[in-house]
Each structure stands twice: as C-alpha cells, then as structure tokens.
Protein chains: 2
Amino acid sequence: MILTVTPNTALDITYQVDELVPHQSHRVTAVRQRAGGKGVNVASVLARMGHPVIATGVVGGAAGDEIRADLEARGVAARFVDGVGSTRRTVNVVSAVHGDATIFNEPGPELTGPGWQSLVAGLDSLLGEAAATVVVLSGSLPPGVPDDAYAELVDLGHAHEARVIVDADGAALRGALRSGPDLVVPNRAELARATGTRDVAAGVAALKELGARDVLVSCGADGLVLMLAEGLGWHCRLPAPLSGNPTGAGDALVAAVAAGLDSGSTWQRMVQDAVTWSAAAVLQPIAGEIDPDDVARLAPQVLMESR
Amino acid sequence: MILTVTPNTALDITYQVDELVPHQSHRVTAVRQRAGGKGVNVASVLARMGHPVIATGVVGGAAGDEIRADLEARGVAARFVDGVGSTRRTVNVVSAVHGDATIFNEPGPELTGPGWQSLVAGLDSLLGEAAATVVVLSGSLPPGVPDDAYAELVDLGHAHEARVIVDADGAALRGALRSGPDLVVPNRAELARATGTRDVAAGVAALKELGARDVLVSCGADGLVLMLAEGLGWHCRLPAPLSGNPTGAGDALVAAVAAGLDSGSTWQRMVQDAVTWSAAAVLQPIAGEIDPDDVARLAPQVLMESR
C-alpha cells in the first residue's frame, strides 16, 4: 500500500476557448474540472495502473467538496483532512489556436498550525491502519507552513518503517533533506534551484550531502538519471522523445517508483518503469491519467546504461 | 416588496494578476468571489439602499452553495430553487496593466422543463407570500429554456397584480414582449439588436408595437430616455459623465426604477433616481454595489428635459 500526501491540493479547471485575446470577453465552449495537486495525480496514476493507494492531504470549502466527489467518481481512494478556507483552484485556458495553456494559479488558503497538525495526525493514523510501505510527499507547501515541514512527515513515515519519497521544489525540498528522505525526484530545473548548480552530478552530490539517500533526476527528453546512495547509477531513456502534454509526467514517474518500492522491484526495473509510465503520461491530455496499454507498448523500447 | 428573478445566476470570480500574457502561467495575487447574475445584482443594490427585496432564480452544485452563502453573508434575502448541474462561473482577470478585464464565461448547465417549472412554482408561491408589487426579470435565459420563457413569468406577475420589468437582450427580450411587460429597459445596443434599428425613437416605437408598455433606454454617458405608453417622455442625464466601472450600472438603474414603482414615486422622480443610482454604481469597483452617500450627492446634479 502506498500513501500519497498533498498538503496543497487544487481543483484544476480547464476552459476551452476559440482564441484568448487579452481584455476581451470569451465564451467558454467546454469546462472540465478535476481533483489536482501533484500527490493527487500520483494516486490517480497508481489507481489506473491497479496499484493499492490512498490519497491524503488537506482540502476545504466548496472546491474541497468537488475534489472529494471527483476522486470518488474516479475510484481513487482518498482520506483528506479538513482545512480552513476553500482549496485553491487553477484555471487552465486552452485555445484552439496552438500554444501552451494560459494558467491562473490561485494562492490558496493559509494552513495554520492546527491545520498542519491534523494533517500529521491523519497521516499517522493512516500509516497505522493501512500498513503502508511507501509514503509519497508531493508538491508545494501551502502558505503559512514552514519550509522544513516535510521533514516532520519524513520522520513520521520512518517511525512507521515506511520509505518516503519527496517530490518538491526549492525551499520545501531543501527543508525535507535533514530528515533523510529515501528518494528525492527533482527535475533538472528543480535540482539547480535546490543546489545552485546546473551540473547534474554535482547537484546530486549536493542533495546527498544535505541528507537525501537516493536521487532520481528527470531530464525531460534526455531521460532519467538515478544515483543510489551506494554509488551505483543508471541513465535510462526512450530512443526518441514523445510529443504531447508534459504536465503530469513527473507525477507518473513518482507513481512508478513508489509502485516499485512497494512491490520490491529491482532499481533497474523501477527506473525502466519510471521512463515508460512518464512517457505514457505525456500521451494523455490531462495530468493524472495513464493508459496501461501505452505502458506495455513502450516498455520494450527503453534504453538503459550504467553510470 | 420587490422580487428579482435570475434564471441564469453566476458565481463571479475576479483574479488580480500582474500582467496577463497568453500561454504563460500566472500567480493570482488576489481572489474575490461573489454571487452574480443581473437580477442578483439588482437585489444587492436594493438591499444596500434599504429597500425590501427577495432574490429568486435557479442555482445548483458547489457554485450554487457559494452564491447562497455569499448573499446570506451580505444580508441579501434570497429564495432560490435547485437546478440540476453546477451554476456557471465567470472568471474575470484584472491586471495591474491598464485595460478592461479579460473575461471567461462558462456556458452553464441546461435548465430542463422540470427545472423551469420549479422556478415558475417557486415564483408563484413567493408572489403569494410576499405580496410583491414589482417583479424584475433579469438577464439571459439558461441553455435549454425557450426564447419566450419570460412571457410566462410576465403573465404570472400580472396574475398576482404585480408590475413586471424585463431587462433582457435579443431573443429573450423579444420573447417577453407578447405578454406586455410593464417596463423594458434596453441599452442602445440591446434596443438595436431587438428591433433592427439604431434610431432610439424608432426602436422604442417598435418595442411598443411588439407589446412593451413603457420603455426606458439607457444611452450610457448621454443619460436615459424614458418613453411612456401615454406618449409622455423625458431625457435625463448628469452634466458630465463619470468614469469608473460601467459593469452593473444597468442593474442599479433597474433597481432604482423597481424601487420607485414599489414606492409609488412619480415617473419623473424614478428616472432621476435611475440616473443617480446607475452613476453611483459606476463609482464602485464591482457590480451590485452602491454607496447611498454617492446617490445623495449626485441627485441635485441631474438635468432633465421633456421630449
């Protein structure tokens, strides 16, 4: 069993318009709405791939109700705690004219001390009940929560003998390291922001110095680099990059590694799955989706070398 | 007592951003959220001006809950009926760089036959209970409702001996006319769309030919033109236009005239109030707001002539 923790959940709203013109009024031709936040996407991918998972985190208000209802409708198990204030929304405007979506990210409500403590208490009981072997801590921390908050959750996971994966950026990632997370999964830009160097090997060494055990760096179309604490490493990629929607590829990667840790796979197998799951996610129009048939089709194409 | 009817309510969301750049991601620095739809704004203005009013209409889903909660918090009496599907949202993106808001209007859910019938039944009981003398029918009709739906509500108001004001556009306005609404309040563009002529006098004559009793045309900075069924008319304006936010000026105008009809004011007084209330609304950053002090300050400045 895997638990995903999303302290800063979001309700992701997608608007289709003909063309986005600033300072004009637009008729939205289609509205899609979905539970979001990186840990929620990880749980959604795991559920699609048939792996046991429970999503936890903080939700509140009307947007929180919609997140709960959406996950229930999609068959993704969830046990959220109630925050004060309505969960943030993201509005993604997609136009028929080509180009990336135009995105508006709400700041979201502050999570106060008692709110954080109920998240901790909720995770503590879930860890006790569900006998989880892997905990995934994903995404940004809500306003009001200190930068080292993930360190407390890493300690909690370890106290329950679970392995803990941290997928965070900047100060939230750095703040988690002192508790020694089992795996951190930055992309190249996140690695550079957390360590101040753009060199992958130097960045990985810096993260380990700060407390990370194993490090998996996603390099976009260049594939993945996994460096284990023991000094072993692999570079793994597809022969040619896939074009599609890169949003959510990182969450599918985390889902693959969490599933591998939970199932007792080898590292080699895990990093191979991470490549295929994230590539399969790129083929989906929205984050948190994956087609197991794509995974099966892509798996034989993965190229792998030791480093 | 006045009843306002909003068949197509909306949850109006306003995002503040630094600058809107298509195909980029934006941090929203402030979020405001408010019950909207033209009839809701009319009720809000009347409540601010201390006039007895109840807002009715159709709401649904999470957005509907937020509309109810917002009106309760603001002390605006409301008795909505429940629709199927979530009430539409409008997202208004306001940037620090000058220019109008960039607006995204959701289509909103269909209102089916049974949904419309519960709106009619709800209005019928409210008219019986509240002894309303004025009914205001405001704004667009939701998808799925026939163009002449307002005619049925005009007849219902008349059956309860209330006077009925219709503030609608295009087919919804034309469809209301056969039941002889007591007052219609198009702006110049709406008048042209409903009648095919850009000449105000010819347009007013055409609306009367189609069934309207009295007609009040708002001409923006040029003021208001009221033409009564008896042939009497006034043109009324401020000496100089006010700059500000024109959204909601029309709803404040309707609120003033509804209040005048309910209180037994003279037509001259009503059209004077319509000018001052709508001008006072222009000074407010959001639709549905008005400051009674602005109304009192502007009233002596109104210029009026017979036509």
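This report walks through a predicted model of two chains, A and B, from overall form to single residues.

## Overall form of chain A

Let's start with chain A as a whole. Its secondary structure comes to ten helices and 15 strands. The C-alpha trace spans about 55 × 45 × 40 Å along its principal axes. A compact globule of 307 residues would have a radius of gyration near 19 Å, and the 19 Å of chain A agrees with that.

Burial and contacts fill in the picture. Of the 307 residues of chain A, 51% count as buried. Among contacts in chain A with a separation of 6 or more, 69% are between residues 24 or more positions apart.

## How the two chains are related

A turn of 180 degrees, with a shift of 0.0 Å along the axis, lays chain B on chain A with an RMSD of 0.0 Å. This is the relation of a two-fold axis. Both copies use the same surface, as 100% of the contact residues of chain B recur in chain A. If you would like a landmark for the axis, look for B:Ala62: of the residues of chain B, its C-alpha comes closest to the rotation axis, at 2.7 Å.

## The contact between the chains

Each side is easy to tally: 24 residues from chain B and 24 residues from chain A take part in the contact. On the chain B side, the elements that give two or more residues are β2 (10-17), β3 (25-27), α2 (61-73), β7 (88-95) and β8 (102-105). Strand β8(B) has the largest share of that side, with four residues. Sorted by class, the side of chain B that touches chain A holds twelve nonpolar, seven polar and five charged residues.

Strand pairing also crosses from one chain to the other. Strand β8 of chain A, residues 102-105, is joined to β3(B) by three bridges, and the two run parallel. To find this pairing on screen, look at A:Asn105, which stands opposite B:Arg27 in β3(B).

## The nonpolar core and an enclosed helix

The largest nonpolar core has 191 residues, and A:Ala258 and B:Ala258 touch the most other members. Setting aside neighbours within four places in sequence, A:Ala258 is in contact with A:Ile2, A:Val42, A:Leu46, A:Val134, A:Val136 and A:Ile165.

Helix α5 of chain A, residues 170-177, is also worth a visit. Six of its eight residues are buried, so the helix is largely enclosed by the rest of the structure. The buried ones are A:Ala172, A:Leu173, A:Arg174, A:Gly175, A:Ala176 and A:Leu177. What do the buried residues of α5(A) pack against? Their partners in chain A are β9 (134-138), α4 (149-159), β10 (163-167), β11 (183-184), α6 (188-195) and α7 (200-210).

## Two leucines in chain A

A:Leu11 sits in strand β2, residues 10-17, of chain A. It counts as buried because it has 26 C-beta neighbours inside 10 Å, where 20 or more are needed. Not counting residues up to four places away in sequence, A:Leu11 touches A:Gln33, A:Ala35, A:Gly36, A:Ala63, A:Glu66, A:Ile67, A:Thr87 and A:Arg89. From A:Leu11 to A:Glu161 is 150 residues in sequence and 32 Å in space, C-alpha to C-alpha.

A:Leu298 belongs to helix α10, residues 292-298, of chain A. With 19 other C-beta atoms within 10 Å, A:Leu298 is partly exposed. Beyond its neighbours within four places in sequence, A:Leu298 is in contact with A:Leu238, A:Thr276, A:Ala279 and A:Ala280. A:Leu298 and A:Thr276 are 22 residues apart in sequence, with 5.8 Å between their C-alpha atoms.

## Positive phi in chain B

Two backbone angles deserve a look if you check torsions. B:Ala131 has a phi near 45 degrees, a positive value in a residue other than glycine. B:Ala131 lies in the loop between α3 (113-130) and β9 (134-138) of chain B. Is B:Ala131 buried or exposed? B:Ala131 counts as exposed, since it has 11 C-beta neighbours inside 10 Å.

B:Glu161 is not a glycine either, yet it has a positive phi of about 60 degrees. B:Glu161 is found in the loop between α4 (149-159) and β10 (163-167) of chain B. With 10 C-beta neighbours inside 10 Å, B:Glu161 counts as exposed.

Conventions: Residues are numbered from 1 along each chain as its sequence is written. Chains are lettered from A and ligands numbered from 1 in the order in which they are written. This is a predicted model: local features need pLDDT of at least 70, side-chain atom pairs count only at pLDDT 80 or more; totals for chains, interfaces and linings use all residues. Copies are superposed by least squares on the C-alpha atoms of residues with pLDDT of at least 70 in both. Two residues are in contact if their C-beta atoms, placed from the backbone, lie within 7 Å. A residue is buried if 20 or more other C-beta atoms lie within 10 Å of its own, exposed if 12 or fewer, and partly exposed in between; C-beta atoms are placed from the backbone. Ala, Val, Leu, Ile, Met, Phe, Trp, Tyr, Cys and Pro count as nonpolar, Asp, Glu, Lys and Arg as charged, and the others, Gly among them, as polar. Two strands pair if DSSP finds at least two bridges between them. The radius of gyration is taken over C-alpha atoms; the globule rule is 2.2 Å times the number of residues to the power 0.38. A nonpolar core is a set of buried Ala, Val, Leu, Ile, Met, Phe, Trp, Tyr and Cys residues joined through C-beta atoms within 7 Å.
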